[in-house]
Structure formats: structure tokens, C-alpha cells
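Visitor: Before we go through this model, I would like each label justified by its value and its cut-off. Please start with a single residue and widen out from there.

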Amino acid sequence: MAVFSIAAAAAAPGIALLSYIYLKDRYEAEPIAMVARLFVFGLLSVFPVMVLQRGFELWLDTSNPFLFSFVTTAALEESAKWLIIAFAVLRHAEFDEPYDGIVYATAVSLGFATMENMFYAFLEPFSMSSLMVRALLPVSGHALFGIIMGYYFGRAKFTKAEKSKFFAFSWLFPVFYHGLFDFILLTAAPRWMWLIVPLMAFLWARGLLKIKRANQRSPLRGFTREEEFKM
């Protein structure tokens, strides 16, 4: 029973954030089964990333906080998520409006964050306060990186020009913000909160703006709900 309670507490933040992002789709909700499948892909991607990170730790000077934050952590983790989106859903028929990219990328990101949270909950001394901090910081951070990644995947898929630029942005911006997040945690102790809180506020504002803009670019925007179901 204790194991189930710990697992539920560790999974709850990711599922709650994914539900929020899913319900922000104003025009056509994505198939639950497909979103769940991408969430599971995100969960499973933690294991090959851990192997690669171990290899990078043997190859690079991971005592260097910049390399550890931007290469060993951010670049590897965001690359795994990016590849899942690129190969699993980019050309799928259900990816039919820009906001879908946000839903799918966030599902992968939060799957990854949830598995990380599970490891943390079971391998470290358990406390609800520590899980709350992780829900507010690493888990929500992964959600925000996913929103940014998915937004630019949507731009790349549904624009006729500058596709390469938007595909590049869908990888570069998540890696940059993820690396910056980790770099602050590693180097700004014990006053990291003074930098992390403004960064998270900025990312939430940016993420909500991306959500709004992606919905505004939906080809279904001019239709009523009844008309959408008839299409």
C-alpha cells in the first residue's frame, strides 16, 4: 500500500499538468490513446538516456557545471523527446493543427519527468514536501520545455516557409532553457530560488502565450463545435 501511495504521489504532478495542457485544446481534442502512448514513450525514454548520460560522464568533464547542465542533461534529454515526436507523430494524420504539437510534446516530456520523479521518490528518503518542490520545479519545467518544443513543431509542420528554422527552434529553445534551469540549480546555491522563480515565471508566461498562439493558428478556429464533428 505504501508503494502504491508513493507511486501515485510521484505520478500525480505529471498527470495533472498533462490534463491541463490537454484541456487547453480549444478546437479538437487528441485521441486519449495516442496521448497516453506518447506519455509511455516518455517514461521509457528515461532508460536509454540514463545509459547515454553515463557514457557522457565517462567521456566529458562532468565536474564542469556548464557541460553537465547543457550537454549531459539538457541536450541528451531534450534530444530523446525530440526524436520521439519527430518519428512517432510528426506525420501522423491526427497531428492536424498546430496545438497538437504542444499536446504531444508535453505528453512525452511529462512521461519523462514522471519516471524521473518515480526514481527520486523510491531511491531517496520520501517526503511529501520534497515531491511538492519537484512538482513545482523539475516536473513543471519539463512541461514548459515540452510546450516550447511542441509549439515550434506545430509551426514547422503547418508553415510553408522557414520549416528548417522552426525545426531547429523546436530543439534549441528547450535545450537552452533546460540547460539554464539546471545550471542555476548547480551554481547558484544557496540563493538559487532568487533566479529560478523569475525564470519559471518567465517560462510560464511564455508557455501560456505559446498555447494561445497555437490555438489561434488552428485551421478549425472558424468552425463551431458541431461543424468540427461533421468534418
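Guide: This is a predicted model. I102 touches I21, I147, G150, Y151, K210, I211 and A214, leaving aside residues up to four places away in sequence.

Visitor: What makes these residues count as touching I102?

Guide: Contact means heavy atoms within 4.5 Å, so each residue named, K210 and G150 among them, has a heavy atom within that distance of I102.

Visitor: Which residues have the most contacts inside the largest nonpolar core?

Guide: They are I102 and Y104, in a core of 52 residues. Helices α1 (2-23), α2, α3 (65-88), α4 (98-123), α5 (128-157), α6 (163-187) and α7 (193-216) each supply at least two residues of this core. The largest share, 12 residues, comes from α5.

Visitor: Why is it called a nonpolar core?

Guide: Because its members are buried residues of the nonpolar kinds, joined through side-chain atoms within 4.5 Å. In soluble globular proteins, nonpolar side chains tend to be buried together.

Visitor: How many helices and strands does the protein have?

Guide: There are eight helices and zero strands. Of the 231 residues, 48% count as buried. Among contacts with a separation of 6 or more, 78% join residues 24 or more positions apart.

Visitor: Which residues form the nonpolar patch on the surface?

Guide: V40, L44, F47 and M50 form it, with about 350 Å² of accessible area together. V40 lies in helix α2 (residues 32-59).

Visitor: Why does V40 qualify for a patch, and is V40 partly exposed or buried?

Guide: A patch residue needs over 30% relative accessible area. V40 has 37%, so V40 passes that cut-off. The value also lies between 20% and 50%, and therefore V40 is called partly exposed.

Visitor: How many salt bridges are there?

Guide: The count comes to three. Side chains of opposite charge can pair when their charged atoms come close.

Visitor: What makes R54 and E57 a salt bridge?

Guide: Their closest N and O atoms are 3.5 Å apart. The limit is 4 Å, so the pair qualifies. Both residues lie in helix α2, three residues apart, about one turn of the helix. R54 is at 49% relative accessibility, under the 50% that exposed requires, so R54 counts as partly exposed. E57, at 31%, also counts as partly exposed.

Visitor: How do you know that E78 and K81 form a salt bridge, and are they buried or exposed?

Guide: The closest N and O atoms of E78 and K81 are 2.9 Å apart, which is within 4 Å, so the pair is a salt bridge. These two lie in helix α3, three residues apart, about one turn of the helix. E78 has 0% relative accessibility, and buried means under 20%, so E78 counts as buried. K81 is at 0% as well and is therefore buried.

Visitor: Why is the contact between K165 and E162 called a salt bridge?

Guide: The N to O distance is 3.2 Å, within the 4 Å limit, so the name applies. K165 has a relative accessible area of 34% and E162 has 48%. Partly exposed covers values from 20% to 50%, so both residues take that label.

Notes:
Residues numbered from 1 in each chain as written. Predicted model: local features only at pLDDT ≥ 70, side-chain atom pairs only at ≥ 80, totals over all residues. Heavy atoms only, no water. Patch = residues over 30% accessible without salt bridge, like charges linked within 9 Å, V, L, I, M, F, W, Y side chains within 5 Å. Areas by Shrake-Rupley, 256 points an atom, 1.4 Å probe, with all protein chains shown as cover. Salt bridge = Lys/Arg side-chain N within 4 Å of Asp/Glu carboxyl O. Helix = DSSP H or I, 4+ residues; strand = E, 2+ residues; numbered from the N terminus. Buried < 20%, exposed > 50% of the residue type's maximum accessible area, 1.4 Å probe, protein only.
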